[in-house]
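I'm opening my notebook on this one and jotting things down as I look them up. Entries are short, in the order I got to them.

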Amino acid sequence: MKKTLPIFLTTLFLVESAVALWMPRITTQRDFAILNAKRELAHQSLDARLIIMGDSAAGLGVDAKLLEEKTGLKTVNLALLAPCNKAAHLLLLKDYLRQNPKPQAILLMHAFDIWWRDLRMTEPWPPGAGQTDQTDILARLFGWDFWKIAAAYQCRNQQTHVPFYRFFHTLLPSQNYSEDLRQMISKPVDFWSQASKRRRQHEYAWQHMTKDQGNYRYYLYAGSQVPVQDMPSVRRDAKDDWVWMRSHTFTVSAFNKDSLDQFLRFTAKEGIEVWIAFPPLWNGFRSRPKATVFLKSHNFFLNELAENHPHVHLLTEDFYWAKNAEMLNSVEHLNLEGQRRFTAELAQTINLRIAKAQPAVNSPRQQPRHP
Amino acid sequence: MLFNSFAFLGFFGVIYALYRFLPHRGQNLWLVCASLFFYGAWDQRLLLLLIASCALNFICVREMAARTQPEEKKIYLRISLFLNLGILFLFKYFHFFFDSLQSLLRVFGWDIPNAPFQILLPIGISFYTFQKISYAVDVYRGLYPPVRSFSDFVLYSTFFPQLIAGPIERPAHLMPQILRPRPIHLEGFQEGCLLFFWGLYEKVFIADNLAPVVARVFDQPGPHTGPAVLLAIYAYAFQILCDFDGYSNMARGLGKLLGFDLMANFNLPYFALGPCDFWRRWHISLSTWLRDYLYIPLGGNREGTWFTLRNLFLTMLLGGLWHGARWNFVLWGFYHGVLLMLAHFYHSTQAAERIEPLISGKARNCLRIFIFFHLTCLGWLFFRASSLSQCWELLNSLFANFHFQIAEIRPMLAALVRYAGLFIVLQCWGYTRHDPFVFRRLPEAFRGLFYAVLFYSLILCGTQNNAAFIYFQF
């Protein structure tokens, strides 16, 4: 035992060090770099009056620079990706408020499936893709702050089970890259054949996100460039979404409900308005009756939110039904053309809303604290 | 609070931190509190039942020991047995027998209403009931004197590492460890950590990862092909072994950390040469309990072949029923009873003497292991099936629908090799060295690497769904 324990611990140390140094270069989890960059952005002094929050539908759907030009409201795009729900947005907002004065409003936009995801969800989404686990992603992104939120959630909802054991997982690099390591073990040929490609992609993404930092605050990526249009993948995603909508009813998961409640309480307390916009969606869904039934439930849910909370307002009344030419590689993702058109529509509504609210601007509650 | 949960890690950390600094009496009282808290964490209502049952047993046995006349002693023993078995029957078997009676009467046209209440099944009731019975019987037989302190008896009955799923300890083995101071050595600590770690690996990496392979056949409607059923049965054989052996090893490891030495429950059971050998290797604490408190009191092998066969059969039938209040457990007990009877018959009629010399030593053992492993697997089919009709359906698939569908069996086979491969290799090596923990024989340098492999298997590929142990339902 004299030698066994040191050898065991040395092996662990070597493996963890190798993973920590090497895996970030070849990981399949490229999206995490975007989430981290967005969090770093929230720590900067941005001084915005309008913050865009949501998932990639908001990140790619709204051109924050254009919106800023058209509305005159200084805007920042803090949209995250699918596994991040309202708890993530609340933490991000709190981070932001540590460095910045309160914004006038938050523009909130999500794809329809986001509400369904739960904290413990490890189901693949979209079907066939890699496992998504909110707990790990939120814990890696926000660390201790997330666990405080999770503990408070557990106290409020005794019957739910928060996977607190994952707290220890985030301490080990091998756990943070467990998906990659599992793939490396179970499908080594696939993993290594893709490794060099991923490395190149990683370097490109890193350059993409760091070199053009000035623009990064406006877009999901650092630059205004978005990947080229990919119609076959739109159709594939649409098929997956369609199959899913047929077999599910619109639901809001327990954790999402609770996080949304916390988010709305916080924004109400701080006097920040929440403007909800329906996300863009491929117009092919309009001809599918079952999909429209499903999406109606989504609309009803958002309408109810606006009715029940005085500081929540709907900017749009229906999805932005995107044409084929406006779609990118997912049914909720817009290309530059779609982005421009959708942003212009949103800007128009926001201007109308501001014009309507003008008489109330002088009242102390409505006045933004931003100088 | 499962052993494989972080809640338990926190619980044990607190218990152990204080335990190290307490004197012997304080340690015992601290363990009683910990055990009651541990049990209460499942269901506080059932804690009352556990304490009441401890109190009644303690009084009964003390009264029994105070009597000098054998007849009077017997009365108290009967009261104690009636209490323990009555509680077990009421909480575990009432609904089973009531529902069975209801179904039977319905055949004759009598419709009796459903029971107007639902009785909760207290977790671990079969284990702690048997442990208390062994105490009462051993005191009655004069094998062990009655304990004076109620708290020591409560600790004997509720010691948390083995409270829920054994090993079923005997007073002669556990009680002296409770009554005497327990020195805690570094070796004991290392041994305890190793046993717990190995048990965790068995449970979280092997058993829980094999569960979906098993569920693919047993929890989904058929028809399945014969090879798929066969692989699911193989997977279940290793799932149940690793689940239960994992629990037992974790319990033993925790015991070692606290200075206790709990009995080993498994000894390479799939290398059994026959049914008698199997029951010397599988769930040893239960099989020896059944031998000492059921088979021998029934007459054992003292009254001729037919009585021996009857006793073997009855013991296994009741052993099957002990596992759960379902007909498939009865069928499993029946099956093992028949196997034991056939084995006894085979050896007693000189058939063995004529057949076995035909094959040389090692090959004979290999053949016997192979045959009996498959007979055991067949028994697991009865054990795992949700109903008798499913048993029949799967047997039909196994024998009448045996054709290969590569797409169906490939992932099952891959999972079986991936999760149980190393374990099987270690078991084979262990068999040649007569040591279930054969990996301790590795050179020290390799052992460190081996533990690192186990560690990464556990944290990267171990399931994190906190699945309960299979034997908790019993």
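**Entry 1: a glycine after a helix.** I began in chain B, where B:Gly299 comes right after α12(B) and has a positive phi, near 130 degrees. A note to self before going on: this is a predicted model.

**Entry 2: the helix before that glycine.** I checked the length of α12(B), residues 284-298. At 1.5 Å a residue, its 15 residues should span 21 Å, and the end C-alpha atoms are 20 Å apart, so the two agree. I also looked for a bend and found a kink of about 35 degrees, centred on B:Arg291.

Which residues of α12(B) are buried? My list reads B:Ile284, B:Ser285, B:Leu286, B:Ser287, B:Trp289, B:Leu290 and B:Tyr295. Next I looked up what covers them, and the cover includes α5, α11 (275-281) and α13 (305-323) of chain B.

**Entry 3: domains of chain B.** The domain assignment splits chain B into domain 1 (6-181) and domain 2 (188-473). Their C-alpha centres lie 26 Å apart. How many residues are in contact across the two domains of chain B? I get 23 residues of domain 1 and 21 residues of domain 2.

On the domain 1 side of that contact, α1 (6-19), α4 (70-107), α5 (125-141), α7 (160-163) and α8 (171-179) of chain B each supply at least two residues. The largest share of that side is 5 residues, and it comes from α5(B). I had already met α5(B) as part of the cover over the buried residues of α12(B).

**Entry 4: where the chains touch.** The contact between chains A and B takes 15 residues from each of them. On the chain A side, the elements giving two or more residues are α1, α9 (173-176) and α10 (178-186). Which of these gives the most? That is α1(A), with 5 residues. I'll look at that helix next.

**Entry 5: helix α1 of chain A.** I ran the length check again. The 23 residues of α1(A), residues 4-26, should span 33 Å at 1.5 Å a residue; the ends are 32 Å apart by their C-alpha atoms, so this agrees too. There is a kink in α1(A) of about 35 degrees at A:Ala20, shortly before the proline A:Pro24.

I also picked out A:Leu21, which lies in this helix. Is A:Leu21 buried or exposed? A:Leu21 has 10 other C-beta atoms within 10 Å, so it counts as exposed, since the cut-off for exposed is 12 or fewer. I took one distance as well: A:Leu21 and A:Ile7 are 14 residues apart along the chain, and their C-alpha atoms are separated by 21 Å.

**Entry 6: chain A overall.** I count 16 helices and 7 strands in chain A. Of its 371 residues, 36% are buried. Among contacts in chain A with a separation of 6 or more, 79% are between residues 24 or more positions apart.

**Entry 7: the sheet.** Five strands of chain A form an open sheet in the order β2-β1-β3-β4-β6, with parallel pairing. Why does one side of β2 (75-77) and of β6 lack a neighbour in the sheet? These two stand at the edges and each has a single partner strand, so one side of each is left without a neighbour. From one strand to the next, the twist averages 25 degrees.

Then I went through the pairs:

- β1 (residues 50-54) and β3 of chain A run parallel and are joined by 5 bridges; A:Gly54 has A:Met109 as its bridge partner in β3(A).
- β3 (residues 105-109) pairs with β4(A) in the parallel sense over 4 bridges, and A:Leu108 stands opposite A:Ile276.
- β4(A) and β6 (residues 312-314) run parallel, joined by 3 bridges; here A:Ile276 has A:Leu314 as its bridge partner.

**Entry 8: strand β4 of chain A.** Side chains in a regular strand alternate between the two faces of the sheet. I looked for this in β4(A), residues 273-276: A:Glu273 and A:Trp275 point one way, A:Val274 and A:Ile276 the other way, and all are buried.

Note on methods:
Residues numbered from 1 in each chain as written. Chains lettered and ligands numbered in written order. Predicted model: local features only at pLDDT ≥ 70, side-chain atom pairs only at ≥ 80, totals over all residues. Expected span 1.5 Å × (residues − 1). Bend = angle between axes of the 7 residues up to and from the residue. Buried ≥ 20, exposed ≤ 12 C-beta atoms within 10 Å, placed from the backbone. Pairing = 2+ DSSP bridges. Axes fitted to C-alpha atoms, helices over the stretch in contact; angles between N-to-C directions. Domains from an automatic or database assignment. Contact = placed C-beta atoms within 7 Å.
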